[in-house]
Amino acid sequence: MEHNFRTLNYLGSKLRLLDFIEENVLRVAAEGQGVCDLFAGSGCVSYKLSRHFEVVSCDIQSYSKTICNALLKKYVVSKNDIERFISELKNEKKLLNSFIPVIDIEEEAIETKNLEILTEILENGSVEVYSLENKKTTLCHQLQEVLSNLKGNELLNEKSLISRYYGGVYFSYRQAVWIDVILESIHRSVAKENRDLFLAALLSTASDMADTVGKHFAQPIKARDSKGNIKITVYNKALKDKTIDVVSLYRDWLLRYISVPRTSHGFCTMQGDYLECLRNLPASIKTVYADPPYTRDHYSRFYHVLETITLRDSPELSTTNIRGDKHISNGIYRKERHQSPFCIKSKAPDAFKAMFEIISKRGINLLLSYSPYDETQKTHPRVVTMRQLITWARNCFDNVEIISAGSFKHNKLNSTDHFLDASDEAEVLIVCSNE
Ligand SMILES: C[S@@+](CC[C@H](N)C(=O)[O-])C[C@H]1O[C@@H](n2cnc3c(N)ncnc32)[C@H](O)[C@@H]1O
């Protein structure tokens, strides 16, 4: 189990299949050769493969590049450096004081189990959304006070980004303030070459704290049932998630990140579209491991908060139409979010065909992950079927083989037709190569 490192609570993460993936990459690529992790996500595959191979990691999301850098690069950061960084954080009081009106009301609501206030905070607690929409809520007074405090303290800028946008909604106000304080400290005092290490630890911290079902940011907790009654989940989750101590969790993550062994092979990380990455692959890369999305859930929607923490760019927010009126979406999403062709039924076939074609033309082996649809999990059905994938792969490659992580150990395509319609098979790898 060496080299298995969970960075994020990530949908479709291959954490539990790392040994299986490594074993199969080793069947087609010699130690020391170059391997590309084309949809790197939480970085666990890149990290695992870095033990044996030179790795190129690619993903469209910036947080993925940050995390891969943190796992692959050798940093000269000691435990003492970390303790010093942590102790200096404690001096930062201005932002915390600006948020006191809402911090107090939220903490009291958790203490007294006040479901109404907790719900109000989840539904209407974003300071940024309040400042844009001016909606009348029972929190108006406090939200207005926070806004004037921020203005008075010259904090209506990137220094209050996370607390202003997501405080109360995805994190408690206090936690969101600490994320901002840590971010500011990283940008102000950490040397550029160490920044991704400190940022990655913050992303892992934010992922662990998220006050949502599933620890992603697709939507805040739905506070009410279909009849409009407030659910007890609101309180139970707040008690569990919103009381986590950010600074001590962050410190733990930093220590974890510096303690994992680093690769002795070369590596490179790219943020960008998969086709662009494939076109720019170094000649040393002879194998691609690909784990694209297979459902219509866009990762850019599920992890937009991590992207904003990484970019720190005060994004414009997306809107939805409710009965003719434009409103900021409940999820407080970034307006410019990547729409992946792999998640769109009409675009996915061409996206896969282009991937097969370019990889085959460059004489590179491909290992493509596919996880059949499991109806017992509440995920959406797959955008493409395994049968389609095999057909497209065979149009480009001489050899197409299916290897299952489950009961079937190893099957040649011809003898495994039953695979293709099965809905309850374990995760598979479609291994494509040319003669
Ligand atoms: C199933 S996840 C990969 C999970 C990863 N193997 C892990 O274990 O964490 C799919 C990834 O594809 C990325 N992605 C989606 N469309 C992309 C595109 N057009 N180019 C590059 N990456 C893309 C998403 O951001 C997401 O991180």
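**Helix packing, domains and ligand shell**

The crossing of helix α4 and helix α14 is right-handed. This description refers to a predicted model. Helix α4 spans residues 79–89 and helix α14 spans residues 246–259; their axes lie 10 Å apart and pack at an angle of about 160°. Because angles over 145 degrees count as roughly antiparallel, α4 is roughly antiparallel to α14.

The residues that form this packing can be named on each side. From α4, Lys79, Ile82, Ile86 and Leu89 take part, and they meet Val247, Arg251, Leu254 and Leu255 of α14. Sorted by class, the contact of α4 with α14 comprises six nonpolar and two charged residues, with no polar ones.

The domain division places these helices in a wider setting. Domain 2 covers residues 79–259, whereas domain 1 is assembled from the segments 15–72, 262–298 and 340–433. Between the C-alpha centres of domain 1 and domain 2 the separation is 35 Å. Contact between the two involves five residues of domain 1 and six residues of domain 2. On the side of domain 1 that touches domain 2, three residues are nonpolar and two are polar, while no charged residue is present.

The ligand provides the last part of the picture. Around the ligand there are 21 residues, of which Gly12, Phe39, Gly41, Ser42 and Ser340 come nearest. By class, the shell around the ligand consists of ten nonpolar, seven polar and four charged residues. Charged residues thus appear in the ligand shell and in the contact of α4 with α14, but the side of domain 1 that touches domain 2 has none.

Terms used. Residues numbered from 1 in each chain as written. Predicted model: local features only at pLDDT ≥ 70, side-chain atom pairs only at ≥ 80, totals over all residues. Axes fitted to C-alpha atoms, helices over the stretch in contact; angles between N-to-C directions. Helix = DSSP H or I, 4+ residues; strand = E, 2+ residues; numbered from the N terminus. Parallel < 35°, antiparallel > 145°, perpendicular 65-115°, else oblique. Left-handed = near helix turned anticlockwise from the far one by under 90°. Contact = placed C-beta atoms within 7 Å. Nonpolar A, V, L, I, M, F, W, Y, C, P; charged D, E, K, R; others polar. Near = placed C-beta within 6 Å. Domains from an automatic or database assignment.
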